[in-house]
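Subject: Handover of a structure and notes on its contents

Dear colleague,

Please find below the structure that I am handing over to you. My notes on it follow, arranged by topic.

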Amino acid sequence: MLRDVTQNRVKIHQYINFDKRPKDIKISIIVPVYNVENYLKECLDSLVQQTLKEIEIICVNDGSKDDSLKILLDYAKEDDRVRVIDKENAGYGHAMNIGLDNAVGEYIGIVEPDDYIKLNMCKRLYKIAKKKDLDFIKADFYRFRGEGKNKELIYNHLTDNRNYYNRVLNPQQNKALFNLIMNTWSGIYKKSFLDHYTIRHHESPGASYQDTGFWFQTFCYATRVYFLDEPFYMNRRDNPNSSVFNKEKIYFPCSEYDYIYNILIQDKDLYERIKYVYSFHRYKGYMAAYNRSADIYRKEFLQKFANDFRVAEEKGELNRDYFTESSWNNLIMIMEDPSEYYVHVKRIENRKKNNEKEKCQSINLMKRSLRCLKQKGFKHCMIRVRDELRK
């Protein structure tokens, strides 16, 4: 039923290479594509060159207006494991879901089109997932900026707790696992697990936060998960068109967490087990949106923030034990007086700006003093420093 809704939501222009796939596909990799011509080839090269050959690469063109579709068709012509679904634009969630619905691999991988992966990622993860019969496995990853010699890599651990690595874990028995880094793309998921629990993305417009619901569902239902302390995934952080840089999307987490909530309340046992974890994650999602949003949206958003959590409090969905002391204090302040919280944050931000300004002024004074000392001697330099400090 859900598959039919997804398939019929918008017009599908063409399916490429779906009639050429074998039956022994180990991993289906979903690549949602929208206006990424500058990065797409690097992404696809890393996929078609995987050391695990029994894969399919399902690229869903979500109405791109640049040359992304042309690039996809060129790769599909050269390698029939590259499959293309060309459709009208309906957002990230729809693109992901239609890719999932048309995948036949034993496991599912997700690669963003402006990222790329190491050539042994699929083989390494599949071997562990298969041997240990995992619902999903995730690995550490890199974030990067720049290209070539100017590329800056930052290693990201999924968790600081070494006890969570390299062993089978059950999120149902350890809710602390919900505090691991939230991403959907640094691992692979068993297809039968996703299908059994109908785990899909929220088909809301645009490309922000739709992976949050998918991530949350996988942790709600999985009983065999594994975290590997090796990095394979290369996550780009310098694409100016990435949704993480759009400061106008402040309300997107609200609809995403409503989507998750509607899933939870359909299962009373799941709701009772997860409600406190859910509320803490909702708080973190709202705070992240607030902190990265433009100031003109913040006051109004805080009213929504306060109202949503007042409702959660009335329903008994908040538990202080799940919050850090600072996060709980922030939440209470927002609920009691969102306007005062706005002023409080502005004071802190202004203080930081002033501190940075003073730091820069001190550094500049030091540089000028050193130049003066070198050029005109100690006595003249001290007179200059005295005059600068009196300003």
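Throughout this message, two residues are said to be in contact when they have heavy atoms within 4.5 Å of each other. Please bear in mind that the model is predicted.

Overall composition

The protein chain contains 13 helices and 11 strands. Of its 391 residues, 51% are buried. Among contacts with a separation of 6 or more, 80% are between residues 24 or more positions apart.

Helices H9, H10 and H11

Helix H10, which spans residues 295-314, is a convenient place to begin, as it takes part in two of the packings described here. Its axis and that of helix H9 (residues 268-292) come within 10 Å and cross at roughly 175°. Because angles over 145 degrees count as roughly antiparallel, H9 is roughly antiparallel to H10. On the H9 side, the residues that meet H10 are Ser279, Arg282, Tyr283, Tyr286, Met287, Ala289, Tyr290, Asn291 and Arg292. Their counterparts in H10 are Arg298, Phe301, Leu302, Phe305, Asp308 and Phe309. Divided by class, this contact of H9 with H10 comprises nine nonpolar, two polar and four charged residues.

H10 also packs against helix H11 (residues 325-336), at an angle of about 105° and with the axes 8 Å apart. That angle lies in the range of 65 to 115 degrees, and H10 and H11 are therefore roughly perpendicular to each other. H10 contributes Leu302, Phe305, Ala306, Phe309, Arg310 and Glu313 to the contact, while H11 contributes Leu331, Ile334, Met335 and Glu336. Seven of the residues in the contact of H10 with H11 are nonpolar, none is polar and three are charged. Leu302, Phe305 and Phe309 of H10 appear in the contact with H11 and also in the contact with H9.

Gln303 is another residue of H10. With a relative accessible area of 36%, Gln303 is partly exposed. Once its neighbours within four places in sequence are set aside, Gln303 is in contact with Pro338 and Ser339. The C-alpha atom of Gln303 is 8.9 Å from that of Asp337, although the two residues are 34 positions apart in sequence.

Helices H7 and H8

How do H7 and H8 lie with respect to each other, roughly parallel or roughly antiparallel? The axes of helix H7 (residues 210-221) and helix H8 (residues 252-264) come within 8 Å and cross at roughly 30°. Since angles under 35 degrees count as roughly parallel, H7 is roughly parallel to H8. The crossing of the two helices is right-handed. From H7, the contact involves Gln210, Thr212, Gly213, Phe216, Gln217, Cys220 and Tyr221. From H8, it involves Glu256, Tyr257, Tyr259, Ile260, Ile263 and Leu264. The class count for the contact of H7 with H8 is eight nonpolar, four polar and one charged.

The loop between strand S11 (225-236) and H8 holds Lys249. Is Lys249 buried or exposed? Its relative accessible area is 18%, so Lys249 is buried, the cut-off being under 20%. Lys249 and Ala294 are 45 residues apart along the chain, and their C-alpha atoms are separated by 9.4 Å.

Cysteines

How many disulfides does the model have? With a disulfide taken as a pair of cysteine sulfur atoms within 2.5 Å, the count is zero. Cys59 is in no disulfide, and the nearest cysteine sulfur, which belongs to Cys43, is 7.3 Å away. Cys59 is buried, with a relative accessible area of 0%. Cys254 is buried as well, at 4%.

Positive phi values

Two residues other than glycine may be noted for their backbone conformation. Asn35 has a positive phi, near 55°, and is located in the loop between strand S2 (27-33) and helix H2 (40-48). Its relative accessibility is 27%, which places Asn35 among the partly exposed residues. Asp133 likewise has a positive phi, near 55°, and is located in the loop between helix H5 (121-132) and strand S7 (136-145). Asp133 is partly exposed too, with a relative accessible area of 44%.

Yours sincerely

Definitions and conventions. Residues are numbered from 1 along each chain as its sequence is written. This is a predicted model: local features need pLDDT of at least 70, side-chain atom pairs count only at pLDDT 80 or more; totals for chains, interfaces and linings use all residues. Side-chain values use heavy atoms; hydrogens and water are left out. Axes are lines fitted to C-alpha atoms, for helices over the stretch in contact, and angles run from 0 to 180 degrees between N-to-C directions. Helices (H or I, at least four residues) and strands (E, at least two) are DSSP runs, numbered from the N terminus. A crossing is left-handed if the near helix is turned anticlockwise from the far one by less than a right angle, and right-handed if clockwise. Ala, Val, Leu, Ile, Met, Phe, Trp, Tyr, Cys and Pro count as nonpolar, Asp, Glu, Lys and Arg as charged, and the others, Gly among them, as polar. Buried means under 20% relative accessible area, exposed over 50%, partly exposed in between (1.4 Å probe, protein chains only).
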